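I opened this entry to keep a record of what I looked up in the structure, going from the packing of elements to single residues.

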Amino acid sequence: MSINVVYKTTARATGGRDGSAETTDGSFRVDLGVPKEMGGDGKGNNPEQLFAAGYSACFLGAMKFVAGEEKISIPADTHVQTTVGIGPRSDGGFGLEVAIEVSLPGMDRTKAAELVKKTEFVCPYANATKGNIKTVVTLI
């Protein structure tokens with residue numbers, strides 16, 4: 001499969017989970033910290049938070065794209081909430097799990113479910129994680 005890349009961005013991290021990360025164009029910078037649950041002080045943001053925010057935004061953007069292609073109007077208060085979990089894997093190393101909750105208030109449930117299913121196919125984050133990360137998508 002080939003991809004016709006239309007946008008690229010580059011970010012650099014220093015110090016690992018206790019450092020910082022920023023885009024090379026200077027438009028984004030974040031101080032990083034280890035969560036208390038993983039032995040840190042809980043200050044700063046962590047990669048899982050950034051991944052959750054990015055996945056939420058990407059999924060909602062893909063859903064808007066699909067809705068536009070299908071001439072479907074989605075509610076203005078639509079939102080996507082993504083929870084990312086991290087922990088040790090049984091075979092060593094660490095792994096992630098993702099839970100996505102999609103809210104399409106007032107939309108016909110059958111149409112909403114169809115839209116979410118199509119979005120899972122279109123969303124680049126969903127495609128990147130498919131088969132690699134346990135992901136559960138729920139229409140709430």
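**Helix against helix.** I began with how helix 1 and helix 2 sit against each other in this predicted model, and found that they pack at an angle of about 115°, with their axes 9 Å apart. As angles of 65 to 115 degrees count as roughly perpendicular, helix 1 and helix 2 are therefore roughly perpendicular to each other. I noted the hand of the crossing as well, and it is right-handed. For the contact itself I listed F59, A62, M63, F65, V66 and A67 on the side of helix 1, which meet L115, V116, K118, T119, E120 and V122 of helix 2.

**The sheet under the helices.** I then turned to the open sheet, which has 3 strands in the order 4-5-6 and mixed pairing. Strand 4 (79-88) and strand 6 (134-139) stand at the edges with a single partner strand each, so one side of each has no neighbour in the sheet. From one strand to the next, I read an average twist of 15°.

Which way do strand 4 and strand 5 run relative to each other, parallel or antiparallel? I found them antiparallel, with 10 bridges joining strand 4 to strand 5 (residues 94-103). To fix the register I looked up two bridge partners in strand 5: H79 is paired with S103, and Q81 with E101. The hairpin of strand 4 and strand 5 has 5 residues between the strands, and within this hairpin G92 takes a positive phi near 105°.

On the other side of the pairing scheme, strand 5 and strand 6 run parallel and are joined by 6 bridges. Here I recorded E97, which stands opposite K134 in strand 6. As a reminder to myself, strands of a sheet pair through backbone hydrogen bonds, in either the parallel or the antiparallel sense.

**Helices on the sheet.** Next I checked how the two helices are laid on these strands. Helix 1 (residues 47-69) lies across strand 4, strand 5 and strand 6, and runs at about 145° to strand 4. Helix 2 (residues 109-122) also packs on the sheet, where it touches strand 5 and strand 6, and its direction makes about 155° with that of strand 6.

**The N-terminal hairpin.** I looked separately at strand 1 (residues 11-14) and strand 2 (residues 20-23), which pair in the antiparallel sense over 4 bridges. The bridge partner of A11 in strand 2 is T23. This hairpin has 5 residues between the strands, and I noted that G15 takes a positive phi near 80° there. G16 is found in the loop between strand 1 and strand 2, and with a relative accessible area of 42% G16 is partly exposed. I also took one long-range distance from this loop: the C-alpha atoms of G16 and G131, 115 residues apart along the chain, are separated by 26 Å.

**Two loop residues flanking helix 1.** Is N46, in the loop between strand 3 (29-31) and helix 1, buried or exposed? I found a relative accessibility of 8% for N46, which counts as buried because the cut-off is under 20%. The side chain of N46 reaches the backbone nitrogen of E48 at 3.0 Å. Leaving aside residues up to four places away in sequence, N46 touches R17, G33 and P35.

K71, in the loop between helix 1 and strand 4, gave another result, since at 75% relative accessibility K71 counts as exposed. I flagged its backbone too, for the phi of K71 is near 60°, which is a positive value in a residue other than glycine.

**The chain as a whole.** I closed with the totals. The chain has 3 helices and 6 strands, and from the N terminus on I read the elements as β-β-β-α-β-β-α-α-β. Its C-alpha atoms fill a box of roughly 45 × 35 × 35 Å along the principal axes, and buried residues make up 31% of the 140 residues. Of the contacts between residues at least 6 apart in sequence, I noted that 47% join residues at least 24 apart.

Notes. Residues are numbered from 1 along each chain as its sequence is written. This is a predicted model: local features need pLDDT of at least 70, side-chain atom pairs count only at pLDDT 80 or more; totals for chains, interfaces and linings use all residues. Side-chain values use heavy atoms; hydrogens and water are left out. Two strands pair if DSSP finds at least two bridges between them. Axes are lines fitted to C-alpha atoms, for helices over the stretch in contact, and angles run from 0 to 180 degrees between N-to-C directions. Contact means heavy atoms within 4.5 Å. Buried means under 20% relative accessible area, exposed over 50%, partly exposed in between (1.4 Å probe, protein chains only). A polar contact is a pair of N or O atoms within 3.5 Å; within protein, one must be able to donate a hydrogen and the other to accept it, and residues adjacent in sequence count only if both atoms are side-chain atoms. Angles under 35 degrees count as roughly parallel, over 145 as roughly antiparallel, 65 to 115 as roughly perpendicular and the rest as oblique. A crossing is left-handed if the near helix is turned anticlockwise from the far one by less than a right angle, and right-handed if clockwise.
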